[in-house]
Amino acid sequence: MKKIFKLLTCLFILSFSILYGQEHRVTGTVTDQTDGYTLPGAQIVVKGTTIGTTTDIDGVYEIAAPEDAVLVFSYLGMVSQEIDVDGRNVINVEMFPDIAVLDEVIVVGYGTRLKYELTGSISSVRAEDIAGHTMPSFETALQGRAAGVHISAGSGKLGQQVRTRIRGASSISASNQPLYVIDGIPVQSENLGVLTNEPTNPLADLNPADIATIEVLKDASAAAIYGSRAANGVIIITTKRGKEGRTRFNVTSQFGFSEPSNKVGFLNREEYLDLFREAYSNSAGGPDEFFLIWDGWEDALDWGLAYWRDPDNPEDITKGPDTNWEDEAFRRGGSQQFDISASGGTDNTQYYVSLSYTDQEAIIVGNSYDRISGRLNLDQKASDILTFGLNMNLSRSRNFRVANDRAFATPLQMIALPSVQPTHDPYTGELNRLTVYENGLVVQKYNNFDTEIFRNFGNVFANLEILPGFTFRSEAGVDILRQHEWEYRGRLTNDGGPAGFGFDRNVASKIYNWENYFTYDRIFAENYDLNLVVGASLQQADLDLASMTAIGFPSDEFKKIESAAEITGSSSSSTEYRYNSLFTRANLKFFDKYLATVSARSDGSSRFSEDNRYGFFPAASLAWVVTNEEFLRDNYILSFLKPRFSWGLTGNSEIDNFAAWGLYEASNYAGIYGIISDAYPSDDLRWETTAQTNAGIDFGFLDNRISGEIDYYVKKTDDLLLLVQIPATTGYENVYRNVGKMENKGWEFVLNTVNIDRNFKWNSNFNIAFNKNKVTDLDGQIIQSMIWRVIEGQPIGVFYTKEYAGVDPETGDALFYLNETGDKTTTSRAEAANRIVGDPNPDFWGGFTNTFRYGGFDLNVMFQFVYGHDIYNHGRQWQADGFGWFDNQTVDFYENHWQEPGDDTYYPQPRFYLGNGYGTSSMLIFDGSYIRLKEVSLGYTIPRRIVQQANLENVRIFVRGYNLLTFTEYPGWDPETSAPNTADIGTQASNIRQGWDFYTAPQPRTITLGLNLSF
């Protein structure tokens, strides 16, 4: 018997040896492809067996596996990979983010939820989507990536405010910008710059490289927890944090150059003289006696333009200056950016620290921007029940600005100068100061407008676990911004002569925020999950301003106010507002498939009177994870299905501080001081509220290789906070009142696909949003702002002016519609009736992104598009007016104007000085639809076995391009333009005057080269 047992044992050992004779040890490191960091806790399993292991704290693993086995690598939030061992002893793996993962953690107000548990509409953008972003502000990285979010950068000027609309505009006189929350702190996001220049962007003080995720809360269920601030949506930014493990460094260096994404094209010398000769001959002999002072077109040029002839041969008009003023206004811009971060920690302490420097030169002369910033995020476990930490951001930015678009001093207004005038005086060699309008090069040499901002925002927090599942969190945050602006206009400039002009302004903005809330998490009877939040919030904001102007400087070397001979003006002011809030939210989950969320917030604002100070904002939503039902569980074809429905109220109080109050201010007259009334009271003023209903469905097919979202929403805003005009007999011009209603309806579609998932990987994302805006009630009022009008039954800010009817093919006269019946007039543009001729609100917008990976290579291609919005090209009133004066004309006008009977053209016959139908009309309104190749990035990650020899974890080389191609029929510089040109027009006019192009610089076409190191 013993012999038989020994024999069987030997046979078993022999069989095992035969079966696993090929088994050997496999080791390697698992890393995150997006940042090169190692992934502790990644799972590695021999396919078809129970043999497995996990990576250690340094992301290293070791496993025994046959030489022909297949290893399965998985990690939460990453795409699982199957890799053949193929006899190798070392297999290093890079994990890629799963674009359709349902276990992704989403940051919501005062907490987090798993993606599949969401009942509201939230768009999420991750760090890898904005990594390496070189624009001053992160918002432009959201373009085309977040469904329903329409973002317009406005112009190619650096540091300018970005216009963001989530599901359309909801207000006329109050702000339409969303609420921005960074690490739990509502931050300053509105312009604090001087009102006579473009609005500045406080969000540019945040380094995009520090961002971990961006969540856009779009429907009321998601946003109502922020109540009074959420009518325009909420954008939550979460910055990066440390993870347990050794210290890991990440260094990125990138350099780039930029050029205008488009040039309009203006006439050279030969073309200018040819067209001017034609325009003059078309007008000469007419009824205007002005032409009697000239003896022909050359004499008119001699009268109006200095130095247009060749000083050495003045009789030969074919020779002489030939200046491309468009090229003089632009230049090749450049950028450099350096980012370094360190993160890591122990079981008790985790940290993330970063330092960043960026330096950019704009594509327009005289404009540049630089920023240095640092961040420290710290998490400390004091005991088993107490943790605390801080988030702190420090930055200093400088914006070297140019004049606003409406000023002759702005660089792009140089294109109005005739090409026949030189940049420099031919006799002195100095810059030409005798151009028909001010030479912008003189302005750039002698004027400066600089803005410096010191910013500190952050918070300290503590979490106390009172009982298992029952915690208390308290966090105190601050946002302190100090902005200094100083301007000097030189003695040789039109707006600074004869003795110089100085301006100095200081702004101090302080926002204090204190949040306290309890969170209760409990699972009842295994199938009933409850997450309950109850808390309170206090916020106070103080704003102090002081400014001074002066003239009479001894020379342009002395630019400070103290050097001036005369102080011509000074002012100082202070204002403040406060919020006092209570909030609660309950998330319920039954049997892991039935979801419900209920929330409510009560907000009190100092902007309203005591009787109307508080607003109540409830919301509720339901969702059903159908695929968790037994009849669909583990279904490969339909892998995920979740219909959801929500309703809620949100509020808007973003108006002037103390708008409801009758205010008084100190004043003086002829040296006598006193007190005067400054504002008319509006005791009944109350919250503007938006009720939003949202129906959506989240889906996934083929194990979520195809996934997406569909949403339909209706937003109805009531009790609009409207700045209405009142009779002048009251002694006031206007007052805020609750008048009117507005509506937004729309669809949003998101489609994510994993097209190929082998050694070669190809993922796609497509999103598109449709929105229809309508003002449903204004109590009979009509609001007019230049050519924009707000009318009941129409979208906000439609274009209301004369309608251009084309050109009379026999006479070349400009035609306009007299009335609604289609009758036309050629005698006078003024006789034509005003009517609605365009709409600046887009019909739809979105983006299409494709990501490819093979080996160490990665390629990302993103298109962004906007369709159906009209643009008022105000500058073309002089750029293509057929020489109403001496302004240079566009090549488009030169090639497409009427010249002889029978011509079918868009532009009428040019007529010098007399004009031919030019002025404000739909002739200047164009379709602004476009498709833009927004971003292309190509990277190569050097194999780990090579970089490890230099003690590095990851080395990636990349090249990235922005705004590479734009497909549009818009004849201006750029169809991505937004009002206002200056901040002094106020919030109401800014909301109304959309799609305004007035010598607005285009977006830059940028190429960036970079290197990323992790170790």
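This is a short walk through a few local features of a predicted model.

Hi everyone, thanks for coming. Please keep in mind throughout that we are looking at a prediction. I'll begin with a pair of helices, move on to aromatic rings, then look at some backbone details and a few contacts between residues that are separated in sequence.

So, the helices. Helix α4 covers residues 269-283, and helix α5 covers residues 297-304. Their axes come within 9 Å and cross at roughly 110°. Angles of 65 to 115 degrees count as roughly perpendicular, so α4 is roughly perpendicular to α5. The crossing itself is right-handed. If you want to select the contact in your viewer, take Y272, L273, F276, R277 and Y280 from α4, together with W297, A300 and L301 from α5. What is the make-up of that contact, in nonpolar, polar and charged residues? Seven are nonpolar, one is charged and none is polar.

Now the rings. The model has 60 aromatic pairs in total, and I've picked two of them. In one, W303 and W885 meet edge-to-face, with 5.9 Å between the centres and 90° between the planes. Which parts of the chain does this pair tie together? W303 belongs to helix α5, while W885 sits in the loop between α8 (876-879) and α9 (891-895), so the pair links parts that are 582 residues apart in sequence. As for accessibility, W303 is partly exposed, with a relative accessible area of 47%. W885 is partly exposed too, at 26%.

My other pick is F926 with Y970, again edge-to-face, at 6.3 Å centre to centre and 75° between the planes. F926 lies in strand β48 (residues 925-927) and Y970 in the loop between β50 (954-968) and α11 (986-992), so this pair connects parts that are 44 residues apart in sequence. Are these two rings' residues buried or exposed? F926 is buried, with a relative accessible area of 12%, and Y970 is buried at 5%.

Before we leave the aromatics, there is a cluster to point out. Y272, F276, Y280, W294, W303, F883, W885, F886, F912 and Y913 form one aromatic cluster. You have met some of these names already: Y272, F276 and Y280 are part of the α4 contact with α5, and W303 and W885 are the edge-to-face pair I described.

On to the backbone. Most residues other than glycine have a negative phi, and most peptide bonds are trans. Here are some places to check against that. Y913, from the aromatic cluster, has a positive phi near 70°. Y913 lies in the loop between α9 and β48 and is partly exposed, with a relative accessible area of 33%. D703 also has a positive phi, about 55°, although it is not a glycine. You'll find D703 in the loop between β32 (688-701) and β33 (706-718), and D703 is exposed at 54%. Then there is the peptide bond from G497 to P498, which is cis, with omega near 5°. P498 is in the loop between β23 (470-489) and β24.

That brings us to β24 itself, and to the last topic, contacts across the sequence. Y512 is in strand β24 (residues 501-524) and is partly exposed, with a relative accessible area of 35%. Its C-alpha is 5.9 Å from that of G477, although the two are 35 residues apart in sequence. Leaving out residues up to four places away, Y512 touches G477, V478, L538, Q539, Q540 and D542.

N348 is in the loop between β18 (333-345) and β19 (349-361), and counts as partly exposed at 36% relative accessibility. From N348 to Q380 is 32 residues in sequence and 5.7 Å in space, C-alpha to C-alpha. With residues up to four places away set aside, N348 touches D379, Q380 and K381.

I'll finish with R932, in strand β49 (residues 930-941). How accessible is R932? At 1% relative accessibility, R932 counts as buried. R932 and F967 are 35 residues apart in sequence, with their C-alpha atoms 6.2 Å apart. Beyond its neighbours within four places, R932 is in contact with residues including S261, M862, N963, D974, E976 and Q1003.

That's my tour. Thanks for listening, and I'm happy to take questions!

How values were computed. Residues are numbered from 1 along each chain as its sequence is written. This is a predicted model: local features need pLDDT of at least 70, side-chain atom pairs count only at pLDDT 80 or more; totals for chains, interfaces and linings use all residues. Side-chain values use heavy atoms; hydrogens and water are left out. Axes are lines fitted to C-alpha atoms, for helices over the stretch in contact, and angles run from 0 to 180 degrees between N-to-C directions. Helices (H or I, at least four residues) and strands (E, at least two) are DSSP runs, numbered from the N terminus. Angles under 35 degrees count as roughly parallel, over 145 as roughly antiparallel, 65 to 115 as roughly perpendicular and the rest as oblique. A crossing is left-handed if the near helix is turned anticlockwise from the far one by less than a right angle, and right-handed if clockwise. Contact means heavy atoms within 4.5 Å. Ala, Val, Leu, Ile, Met, Phe, Trp, Tyr, Cys and Pro count as nonpolar, Asp, Glu, Lys and Arg as charged, and the others, Gly among them, as polar. Rings of Phe, Tyr and Trp (its six-membered ring) pair if their centres lie within 6.5 Å; planes under 30 degrees apart count as stacked, over 60 as edge-to-face and the rest as tilted. Buried means under 20% relative accessible area, exposed over 50%, partly exposed in between (1.4 Å probe, protein chains only).
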